[in-house]
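A colleague coming to this structure for the first time may find it helpful to have a few points set out in order. The note below is meant to be read with the sequence and the coordinates at hand.

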Amino acid sequence: MRSELFREGLLEGKVAIVTGGGSGLGRAAALELARLGARVAICGRRREPLEETRSLAPDGAITVDVCDVREEQQVDAFVEQVLERHGRIDFLLNNAGGQYMVPAEDITPKGFRTVIRLNVEGTWLMTHAVATKWMIPSGEGGKICNVTLSPHHGLPGMAHSSAARAAVENLTRVLSIEWSRFNIRLTAIAAGHFETETLLTKYPEQVVRGVAKTVPLGRLGRPEEFAWLVAFLASPGGDYFSGAILTIDGARDNWFGPYPPPGLADESGKPPAEARRPRA
Ligand SMILES: CCCCCCCCCCC/C=C/C(=O)SCCNC(=O)CCNC(=O)[C@H](O)C(C)(C)COP(=O)(O)OP(=O)(O)OC[C@H]1O[C@@H](n2cnc3c(N)ncnc32)[C@H](O)[C@@H]1OP(=O)(O)O
Ligand SMILES: NC(=O)C1=CN([C@@H]2O[C@H](COP(=O)(O)OP(=O)(O)OC[C@H]3O[C@@H](n4cnc5c(N)ncnc54)[C@H](OP(=O)(O)O)[C@@H]3O)[C@@H](O)[C@H]2O)C=CC1
């Protein structure tokens with residue numbers, strides 16, 4: 001299948017890593033990068049979903065490795081394997097991540113550590129390995145894109161993840177400065193609410209039922225909309241983006257629910273406006 005948006009061969013010659021490429025947003029991104037001619041290495045903890053992603057891509061475009069991004073030795077071995085196989089790494093999408101929904105007072109020290117370790121440490125280990133094993137010593141630089149979370153004012157029920165994603169965004173910013181001298185460009189995509197299998201099945205039913213209504217645009221994001229942004233960043237169109245946090249969320253960062261809010265519109269759906277008063 002061809003990309004619905006970009007020209008064929010746009011990413012020919014490029015090598016990309018997508019962590020968590022076996023499902024949801026990671027799978028959509030890996031497939032779009034592969035359609036555009038990139039060779040894509042995906043990883044995750046379970047082989048089966050990774051193999052399924054591979055089966056959906058053009059022949060030979062995607063390779064699969066089991067790797068837990070929290071484990072330093074596994075990350076090192078994975079990155080070395082990709083370099084042995086493909087000889088270079090142009091683009092890294094740190095997509096593996098997540099959390100569980102819980103009131104803050106019920107987060108145990110272990111639970112907090114689990115979420116920080118996955119999102120912050122996993123992102124850091126993969127970033128550091130790719131930078132020090134290829135992007136810096138090769139003199140070629142490259143692009144690293146992290147996945148974070150919108151809304152940025154904090155997502156209730158996800159205190160651990162809200163903290164973790166803020167950390168990843170500031171890591172993105174600081175590395176974009178430090179590693180500019182190596183021509184490494186870092187961005188983060190702050191994803192709003194996307195209709196992935198996990199989002200639709202992992203969280204409490206009443207939350208899933210209500211979540212689209214929390215988005216001003218009134219719908220969840222589609223995984224391909226995320227994948228197109230990733231592909232754009234990997235392409236020459238993304239060459240001058242560094243240190244930027246790109247929020248893709250149907251305006252969820254700016255408002256909760258539809259505008260005008262229910263009950264505030266007139267019969268035609270128009271928002272309230274104040275009456276003009278004659279000048280005194
Ligand atoms: C009308 C509604 C308005 C509200 C709007 C909000 C709507 C929701 C928006 C959602 C936005 C974000 C979406 C997404 O990110 S979707 C994609 C999510 N994907 C994932 O999370 C995948 C990765 N996640 C995981 O692998 C796990 O969830 C985890 C992060 C926990 C890591 O798994 P791991 O296997 O390493 O860890 P364990 O299961 O062994 O757990 C370790 C300890 O963590 C604590 N824990 C884990 N799960 C829970 C839970 N459900 N409840 C409480 N505590 C939990 C616990 O301390 C575990 O240790 P113990 O087992 O020893 O107790
Ligand atoms: N869907 C949404 O609305 C939003 C998603 N996000 C973020 O986007 C990313 C993708 O989300 P989505 O596709 O919905 O969720 P998924 O749960 O489908 O994706 C998470 C992927 O990461 C992999 N993964 C999890 N832990 C590890 C680990 N320790 N090492 C390697 N891989 C791991 C999982 O595979 P495996 O279990 O086999 O390891 C899975 O393929 C996540 O970071 C998520 O938090 C952010 C905001 C909103």
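The points that follow take up the confidence of the model, the sheet, the annotated span, the two ligands and some backbone details.

1. Please keep in mind throughout that this is a predicted model. The pLDDT averages 98 over the protein, and 100% of the residues score at least 70, while for the complex the predictor gives an ipTM of 0.98 and a pTM of 0.98.

2. The sheet is a good place to begin: seven strands form an open sheet in the order E3-E2-E1-E4-E5-E6-E7, and their pairing is parallel. At its edges are strand E3, residues 62–66, and strand E7, residues 244–248, each of which pairs on one side only. On average, and with direction ignored, neighbouring strands of this sheet are turned by 20° against each other.

3. One edge of the sheet can be followed in more detail, since strand E6, which covers residues 184–191, runs parallel to E7 and is joined to it by five bridges. Within this pairing, Thr 187 has Ala 244 of E7 as its bridge partner.

4. Helix H1 may be read against the sheet, for it lies across strand E1 (15–19), E2, E3, strand E4 (91–94) and E6, and it runs at about 170° to E1.

5. An unreviewed UniProt entry carries the annotation "domain: Ketoreductase" for residues 14–182. In the model, the span of residues 14–182 is 50% helix and 17% strand, and its end C-alpha atoms lie 18 Å apart.

6. Which residues come nearest to ligand 1? Of the 21 residues around this ligand, they are Gly 98, Tyr 100, Gly 111, Thr 114 and Gly 210. Helix H4 (109–135), helix H6 (197–202) and helix H7 (205–211) each supply at least two residues of the shell, and the largest share, five residues, comes from H4. By residue type, the shell around ligand 1 divides into 10 nonpolar, nine polar and two charged residues.

7. Around ligand 2 there are 29 residues, of which Gly 20, Gly 24, Arg 45, Gly 97 and Thr 196 come nearest. Two or more residues of this shell are given by each of helix H1 (24–35), strand E2 (39–44), H4, strand E5 (142–149) and H6, and H1 gives the most, with three residues. The shell around ligand 2 divides into 11 nonpolar, 14 polar and four charged residues.

8. The two shells can also be read together through their elements: H4 and H6 are among the helices that supply at least two residues to the shell around ligand 1, and H4 and H6 are also among the elements that give two or more residues to the shell around ligand 2.

9. Some backbone details deserve a careful look, because most residues other than glycine have a negative phi, and most peptide bonds are trans. Ser 150 and Pro 151 are joined by a cis peptide bond with an omega of about 10°, and Pro 151 lies in the loop between E5 and helix H5 (159–178). A cis peptide bond also joins Tyr 259 and Pro 260, with omega about 0°, and Pro 260 has its place in the segment after E7.

10. Where is Asn 183 found? This residue is in the loop between H5 and E6, and although Asn 183 is not a glycine, its phi is positive, at about 60°.

Definitions and conventions
Residues are numbered from 1 along each chain as its sequence is written. Chains are lettered from A and ligands numbered from 1 in the order in which they are written. This is a predicted model: local features need pLDDT of at least 70, side-chain atom pairs count only at pLDDT 80 or more; totals for chains, interfaces and linings use all residues. A residue is near a molecule or strand if its C-beta atom, placed from the backbone, lies within 6 Å of it. Helices (H or I, at least four residues) and strands (E, at least two) are DSSP runs, numbered from the N terminus. Ala, Val, Leu, Ile, Met, Phe, Trp, Tyr, Cys and Pro count as nonpolar, Asp, Glu, Lys and Arg as charged, and the others, Gly among them, as polar. Two strands pair if DSSP finds at least two bridges between them. Axes are lines fitted to C-alpha atoms, for helices over the stretch in contact, and angles run from 0 to 180 degrees between N-to-C directions. Two residues are in contact if their C-beta atoms, placed from the backbone, lie within 7 Å. UniProt positions are given in the numbering used here, feature names are shortened, and annotations may be inferred rather than shown by experiment. pLDDT is the predictor's confidence in each residue, from 0 to 100.
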